[in-house]
Amino acid sequence: MMLPWTQSQVSFLKDLVTLRNPLSRFSFVNYLHSVGRLDDFINMGSFLPFRLEISDYLQWVAKSLALVRVEYSRDCTRIEPVSADGSGLSTGWLARMADGSTIEARNLVIGAGRDAHVPAAFAGLPRERVIHSTEYSRRIVDIDPREPHRVVVVGAAESAAEMLWETYQRFPRAQCTMIIRSAGLDYYQTSKFTNELYFPSYTEKFFSAPEQTREQVLRAMRLTNYAGVTPDMLDTLFRQVYLERLTGEQRLSMVTMVDVEAAEMVDGEIVLTLNDKMRGGRDELRCDLVLLGTGFEGREPSLIRDLADACGVGDVRVSRNYRMITPPDITAGCYLQGTNEATHGIADSLISVLAVRAGEIVGDLLEHRGEAGRESDADSALMRA
Ligand SMILES: Cc1cc2nc3c(=O)[nH]c(=O)nc-3n(C[C@H](O)[C@H](O)[C@H](O)COP(=O)(O)OP(=O)(O)OC[C@H]3O[C@@H](n4cnc5c(N)ncnc54)[C@H](O)[C@@H]3O)c2cc1C
């Protein structure tokens, strides 16, 4: 969702380093200073950078690293444990790439996000007729904006709202319909008190709590992250709907309290079967393109599930420091980022805890290397960075 007009919902101070080490040269403020935009950013008077500049910041950091090599456009298809010293213990990992190459490592950190959730009703539609939000920016540019498309957006959270607005503007002749299961779009919930649950210090408290309590907290926090829309976005959409009602030229509409039960191709059109829960009946909606703002799979992504299978791990769990719990014959370290909401809290998949989490992972990694008697100056340099 790297749309040029979108901003982060999280403070620029929650960058890669500041919460762990405000003196680090890899801060967002130092980035702005280095690229000559600090005055402009201060003048904007917002804590919320544009996502475009967060992306640029991340690239700036990547380019600044002397000891780290970043390889772009590599697709990892499988990771297996390997025994490097013939002892029978798995002391390393072998990552297989889509181009047939491999990379060996003693330790592994996986931060590959989560798999896109495509509801079963849409699984049978041709690929060119369905775009999940994770592919939106990449694929929407292939669609001719001059055609009078009928576009349906499924979902009611930030991704769906952003796709609706971008599509509405990008395709001036399109009819854009949002299909919503609930009563209507809502602001995402926030308060300064619940926002404390996004503090890195909350991770420890959450991790130590009983499982049932953790589940209760996650349920309560759902509306703060997954099921709402930012006030700016929601108000923008409402103003446009209002303006259309005023002018009588309606291109933007919302259908609420409906479930999409089926989707099929009929005579070159997509036909959606909608269950209207208010009326208790079924309707058909015909369209040319479906955009899915339907979120992500709750379970582990397939890359991690396959890795766990290869390790003989049934139930994927991590320690407090994100190290995957593996059988005793696997001594190589594997750290999982962003998939530990159940044990580490609502912020686990977000940027909020990133700086501190990365520090905890590096600390744990060095502790294990220390145990193996291999601590070196390079290790200390890594920790200081
Ligand atoms: C609309 C929207 C707004 C958001 N706003 C915010 C916000 O304001 N603040 C916030 O904290 N969070 C926000 N989030 C959540 C945000 O997306 C996450 O915090 C962040 O992207 C997580 O980063 P990540 O690196 O863990 O995962 P991702 O961003 O998902 O990155 C994973 C990367 O791994 C790559 N990858 C996956 N599989 C493989 C493979 N097999 N081989 C090679 N590479 C692979 C992917 O291509 C991708 O580049 C928002 C999300 C959405 C959808």
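Me: How do the residues of the shell around the ligand divide into nonpolar, polar and charged?

Reply: The classes are fixed by residue type: Ala, Val, Leu, Ile, Met, Phe, Trp, Tyr, Cys and Pro count as nonpolar, Asp, Glu, Lys and Arg as charged, and the others, Gly among them, as polar. In this structure the shell contains seven nonpolar, six polar and five charged residues. The model is a predicted one, in which local features need pLDDT of at least 70 and side-chain atom pairs count only at pLDDT 80 or more, while totals for chains, interfaces and linings use all residues. Residues are numbered from 1 along each chain as its sequence is written, and side-chain values use heavy atoms, with hydrogens and water left out.

Me: Which residues come nearest to the ligand?

Reply: A residue is near a molecule if one of its heavy atoms lies within 4 Å of it. Here 18 residues surround the ligand, and Q9, R74, C76, S349 and I351 come nearest. Helix α5, residues 158–170, gives the most to the shell, with three residues. Helices (H or I, at least four residues) and strands (E, at least two) are DSSP runs, numbered from the N terminus.

Me: Which backbone atoms lie by an oxygen atom of the ligand, and at what distance?

Reply: A polar contact is a pair of N or O atoms within 3.5 Å; within protein, one must be able to donate a hydrogen and the other to accept it, and residues adjacent in sequence count only if both atoms are side-chain atoms. For Q9, a backbone N or O atom is 2.4 Å from a ligand oxygen; for S349, the corresponding value is 3.0 Å. The side chain of S8 also places an N or O atom 3.4 Å from an oxygen of the ligand. The protein buries 56% of the 970 Å² that the ligand exposes when taken alone, with areas from the Shrake-Rupley method with a 1.4 Å probe.

Me: Is H149 buried or exposed?

Reply: Buried means under 20% relative accessible area, exposed over 50%, and partly exposed in between (1.4 Å probe, protein chains only). H149 has a relative accessible area of 14%, so H149 is buried. This residue belongs to the loop between α4 (136–139) and β6 (150–154). A polar atom of the H149 side chain is 2.8 Å from the backbone oxygen of D144. Contact means heavy atoms within 4.5 Å; not counting residues up to four places away in sequence, H149 touches I143, D144, F171, R173, A174, Q175 and D288.

Me: Why does R78 count as partly exposed?

Reply: R78 is partly exposed because its relative accessible area is 32%. R78 sits in strand β1, residues 76–82, and its side chain is joined to that of E80 by a polar contact of 3.3 Å. Beyond four places in sequence, R78 touches L94, A95, R96, L303, D306 and A310.

Me: In what sense do strands β2 and β3 pair?

Reply: Two strands pair if DSSP finds at least two bridges between them. Strands β2 (residues 92–97) and β3 (residues 102–105) are antiparallel, with four bridges; one of the bridge partners is T102 in β3, opposite R96. The two strands form a hairpin with four residues between them, and G100 in the turn has a positive phi of about 95°.

Me: Where does M257 lie, and what is its phi?

Reply: M257 is in the loop between β8 (252–255) and β9 (258–266). Although M257 is not a glycine, its phi is positive, at about 55°.
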